[in-house]
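Hello,

Here is the structure I promised to pass on. My notes follow below it.

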Amino acid sequence: MTNTFHITTFGCQMNEHDSEIIAGLLEERGFSQVGERKNASVEIINTCSVRDNADKRFFGTLGQLKKRKEQEDDFIVCVCGCMMQQQHVVDTIKAKYPWVDIVFGTHNIKDIPALLEKAAAEKRKIVDVLPDMEEIAEDLPAKRLYKHKALVNIMYGCNNFCTYCIVPYTRGREKSRDPEHVLEEIRFLAEDGVKEVMLLGQNVNSYKGGGITFADLLRRVNEVPGIERIRFMTSHPKDLSDDLIKVFTECEKVCKNIHLPVQAGSNAVLKRMNRVYNRERYLELVRKLRDAVPEITMSTDIIVGFPGETEEDFQQTLDLVEEVRYDSAFTFLYSIRKGTPAEKFADQIPEPVKHERFDRLVEAVNRISEEKNALYLGRVEPVLVEGPSKNDRHMLAGRTDGFKLVNFAGDPSLIGQTVPVRITETKTFSLLGEIIR
Ligand code: 5AD
Ligand code: SF4
């Protein structure tokens with residue numbers, strides 16, 4: 001069991017990618033990753049702080065480790081990620097979980113091998129959290145979750161300070177990677193068999209590495225041989241340019257799908273959220289995207305029960321959802337985050353009201369998803385096969401260009417290939433199909 005590690009990851013794709021890098025760094029040092037926590041000599045918990053439920057799940061997981069830690073002195077527990085960038089969390093860990101060995105943040109994941117060595121040598125607790133990223137660390141190894149699909153960070157941090165959001169405090173200010181570094185990484189990935197890249201940033205539309213725009217970066221990634229599909233997230237509506245819309249029509253590898261968080265449909269709420277666009281501008285963007293790329297699929301994020309949200313405000317969110325008709329939407333109950341401006345806003349919405357609105361929103365979102373998916377019945381879609389289906393290991397799963405999940409029967413040797421699949425049944429969150437020979 002010596003030198004084995006297990007990672008528990010909470011949160012977004014940015015965190016997932018950080019965990020891939022942590023795994024890459026440790027494997028480079030001779031550690032091996034195991035699938036079950038009980039078989040690991042080092043447990044790493046990569047945390048998320050975006051909503052309260054992620055906090056709770058983290059402390060729940062940590063609590064479960066206490067007994068083992070008491071029994072096995074050489075079992076090492078490391079905690080990292082967004083929550084550790086908040087002083088009050090680090091204070092709580094020091095006070096209530098003194099047996100945690102290593103605490104590190106989002107800006108120094110590259111140091112994990114050194115921190116482990118130091119903790120082992122000095123037999124003491126180590127807390128190493130930096131307030132912001134000093135400089136972007138390049139050439140870090142990553143142990144990918146998927147062989148044919150890779151996450152690629154193009155920027156770090158966020159400057160937008162939406163009033164509900166903790167991310168600008170935990171991930172620091174925006175920093176774009178140099179486009180040459182990004183392209184070099186993608187060329188390397190393509191040589192390693194990667195077919196699809198997901199470019200990651202809190203707001204990819206404000207990318208400006210090496211003086212080029214995000215649209216131009218996409219044009220350059222489109223030229224990389226071997227890469228078949230390019231996706232990106234997340235887009236902020238305030239920075240989505242006409243030039244980016246043009247890229248969807250020019251670059252054949254850029255998937256015709258966009259995640260465009262709206263957060264709310266009422267201008268009063270958008271203003272208090274500091275989103276900088278209004279409903280009209282958002283709807284205009286949707287119209288422009290659909291005019292340019294009629295088949296584009298769209299998803300969004302919506303927060304319900306932001307402070308001061310009236311029934312009328314909420315109706316406007318529902319109306320917007322009915323107007324845009326998203327392919328899918330992530331819906332969230334507003335969750336107070338310590339240190340954000342909205343924490344201090346008057347008129348916090350009572351939980352039962354939030355939940356009642358949430359249920360109505362989910363009903364609309366799911367009904368529309370189901371109706372949109374039903375349009376795919378009988379169509380033949382190119383599907384990039386990702387691996388065995390999550391629900392039935394004997395089936396394969398893959399995605400359409402528009403990011404629809406498709407399950408179908410097929411030989412595992414097809415993993416990594418793009419195959420034509422006829423859609424035979426449609427559901428709310430996925431499609432069923434058969435391979436066309
Ligand atoms: N409460 C609820 N949802 C939130 N999000 C961010 N902060 C909060 C919060 N305090 C949601 C937003 C964002 C997504 C990643 O998480 O919708 O787009
Ligand atoms: Fe948070 Fe807003 Fe930045 Fe997104 S754009 S990470 S919601 S502050």
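**Backbone outliers, a ligand shell and one helix**

V276 sits in the loop that links α9 to α10 (279–292). Keep in mind that this is a predicted model. V276 is not a glycine, yet its phi is positive, at about 75 degrees. Its relative accessibility is 62%, so V276 counts as exposed.

Q263 also caught my eye. This residue is in the loop between β12 (257–259) and α9 (267–272). Q263 is no glycine either, and its phi is positive at about 70 degrees. Here the relative accessibility is 7%, so Q263 counts as buried. A further positive phi, about 50 degrees, belongs to K123, just after α4.

Why flag these? Because most residues other than glycine have a negative phi, and most peptide bonds are trans.

That brings me to the peptide bonds. M233 and T234 are joined by a cis peptide bond, with omega about 5 degrees. T234 is found in the loop between β11 and α8.

H236 lies in the loop between β11 (229–233) and α8 (242–250). With 5% relative accessibility, H236 counts as buried. Leaving aside residues up to four places away in sequence, H236 touches N160, N203, N205, R275 and Y277.

H236 is also one of the residues around ligand 2. The others in that shell are C158, N160, F161, C162, Y164, C165, V167, P168, Q202 and R275. By class, the shell has seven nonpolar residues, three polar and one charged.

Now to helix α4, residues 112–122. Which of its residues are buried? They are I112, P113, L115, L116 and A119. These cover an arc of only 165 degrees around the axis, so they lie on the same side of α4. What do they pack against? Their partners are α1 (13–28) and the strands β3 (42–47), β4 (76–81), β5 (102–104) and β6 (126–128).

The α1 contact deserves a look. The two axes, of α1 and α4, come within 9 Å and cross at roughly 60 degrees. That crossing angle makes α1 oblique to α4. On the α1 side, I22, L25 and L26 take part; they meet I112, P113 and L116 of α4. The contact has six nonpolar residues, with no polar and no charged ones.

When you open the model, please start with the loop holding T234 and H236. Then turn to α4 and its buried residues.

Best wishes

Methods: Residues numbered from 1 in each chain as written. Chains lettered and ligands numbered in written order. Predicted model: local features only at pLDDT ≥ 70, side-chain atom pairs only at ≥ 80, totals over all residues. Heavy atoms only, no water. Buried < 20%, exposed > 50% of the residue type's maximum accessible area, 1.4 Å probe, protein only. Helix = DSSP H or I, 4+ residues; strand = E, 2+ residues; numbered from the N terminus. Arc of directions from axis to C-beta. Contact = heavy atoms within 4.5 Å. Axes fitted to C-alpha atoms, helices over the stretch in contact; angles between N-to-C directions. Parallel < 35°, antiparallel > 145°, perpendicular 65-115°, else oblique. Nonpolar A, V, L, I, M, F, W, Y, C, P; charged D, E, K, R; others polar. Near = heavy atom within 4 Å.
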